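This report covers a predicted model. Please read it alongside the sequence and coordinates.

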Amino acid sequence: STRCFAALNPELKTTLDKVVTSHKVILFMKGTKDFPQCGFSNTVVQILRSANVPFETINILDNEMLRQGLKEYSQWPTFPQLYIDGEFFGGCDITVEAYKSGELQELLEKASLS
Amino acid sequence: MGVSKEQVESALRSKLSPSHIEVIDTSGGCGASFQVEIVSEEFEGKRLLERHRMVNGALVEEMKDIHALSITKALTPDQWNIKQQESATSQPPSTTT
């Protein structure tokens, strides 16, 4: 298999800037919201569903360049990756923790109002 | 090549000098998958995202071979003590006769 060195070139960075801001809430995950292919991704989908906000998902298993690029862009080594209002929020554990504390709901409400 | 629980633990110990650490191998034998609970003074004044970044950063080498890493707790010693007390006091009071 080929490894993708220096995945995050300026062109890809510009593209990612656009993608992460294309929706208020966007989840980069393994699989899709209707068919998650990993338990961690599924957990975040379920949390966003129960938070009752519109959100978009992108399947990183479909795009190796996006997958490698995002790891560098977010400085986060794993998926899922949740972006709210164009800003990286966290992976599964952070989302779970913030959901329990009510912090996530607060942020989501703020995001959809702005 | 997988990563052992001991490798994960020693990397975290040397880089974050935790006062408490628990690494659980959750792979069930199919590959490197871990659950981490860590208490360190280095987390003082840092938000959760930042703390998780520090843990990920401490495991840069290991992450290449780790399939899944779950950070269930990343607390400061003070937060840890509070949690410990809470769980101690949340036990139902023992009835004495």
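## Salt bridges within chain A and overall

Lys13(A) and Asp17(A) form a salt bridge, with the closest N and O atoms 3.5 Å apart. The two residues sit 4 positions apart in helix H1 (residues 10-20) of chain A, which means about one helical turn separates them. Side chains of opposite charge can pair when their charged atoms come close.

Over all chains, the count comes to 8 salt bridges. One of them crosses between the chains: the rule finds 1 salt bridge across the interface of chain A and chain B.

## The A–B interface

On chain A, 13 residues are in contact with 12 residues of chain B. The area buried between the two chains is about 1000 Å². Carbon and sulfur atoms give 60% of that area. On the chain A side, Trp76(A), Asp93(A) and Ile94(A) lose the most area to chain B. Together they account for 40% of what that side buries.

Which side chains meet in a salt bridge at 3.6 Å, N to O? They are those of Arg47(B) and Glu103(A). The rule also finds 4 residue pairs in polar contact across this interface, both residues at pLDDT 80 or more. Strand E6 (87-90) and helix H4 (92-101) of chain A each supply at least two residues of the side that touches chain B. By class, that side of chain A has 6 nonpolar, 4 polar and 3 charged residues.

## The second largest pocket

About 860 Å³ of space lies in the second largest pocket. Its lining has 32 residues. Nearest the centre lie Ile94(A), Ala98(A), Glu103(A), Arg47(B) and Leu48(B). Glu103(A) and Arg47(B) are also the salt-bridge partners described above. Ile94(A) likewise returns from the interface, where it is one of the three residues of chain A that lose the most area to chain B.

Both chains contribute elements to the lining. From chain A, E6, H4 and helix H5 (103-113) each give two or more residues. From chain B, helix H2 (48-58), strand E3 (68-75) and helix H4 (77-89) do so. Which element gives the most? H4(A) does, with 7 residues. By class, the lining has 13 nonpolar, 6 polar and 13 charged residues.

## Backbone features in a chain A loop

The peptide bond from Phe79(A) to Pro80(A) is cis, with omega near 10°. Pro80(A) is found in the loop between helix H3 (64-74) and strand E5 (81-84) of chain A.

Gln75(A) is placed in the loop between H3 and E5 of chain A. Phi of Gln75(A) is near 50°. That value is positive, in a residue other than glycine.

## Glu9(B) and its surroundings

Where is Glu9(B) placed? Glu9(B) is in helix H1 (residues 5-16) of chain B. Neighbours within four places in sequence aside, Glu9(B) is in contact with Ile21(B) and Val23(B).

Leu59(B) is 50 residues from Glu9(B) along the chain. The C-alpha atoms of Glu9(B) and Leu59(B) are separated by 9.6 Å.

Note on methods:
Residues numbered from 1 in each chain as written. Chains lettered and ligands numbered in written order. Predicted model: local features only at pLDDT ≥ 70, side-chain atom pairs only at ≥ 80, totals over all residues. Heavy atoms only, no water. Contact = heavy atoms within 4.5 Å. Buried area = accessible area lost by both parts, 1.4 Å probe. Salt bridge = Lys/Arg side-chain N within 4 Å of Asp/Glu carboxyl O. Polar contact = N/O pair within 3.5 Å; in protein donor to acceptor, adjacent residues only side chain to side chain. Nonpolar A, V, L, I, M, F, W, Y, C, P; charged D, E, K, R; others polar. 1 Å grid on protein atoms, 1.4 Å probe; cavity = no way out; pocket = protein on both sides within 12 Å on 5 of 7 lines; lining within 4 Å. Points joined across faces, edges and corners; volume = space filled by probe spheres on them.
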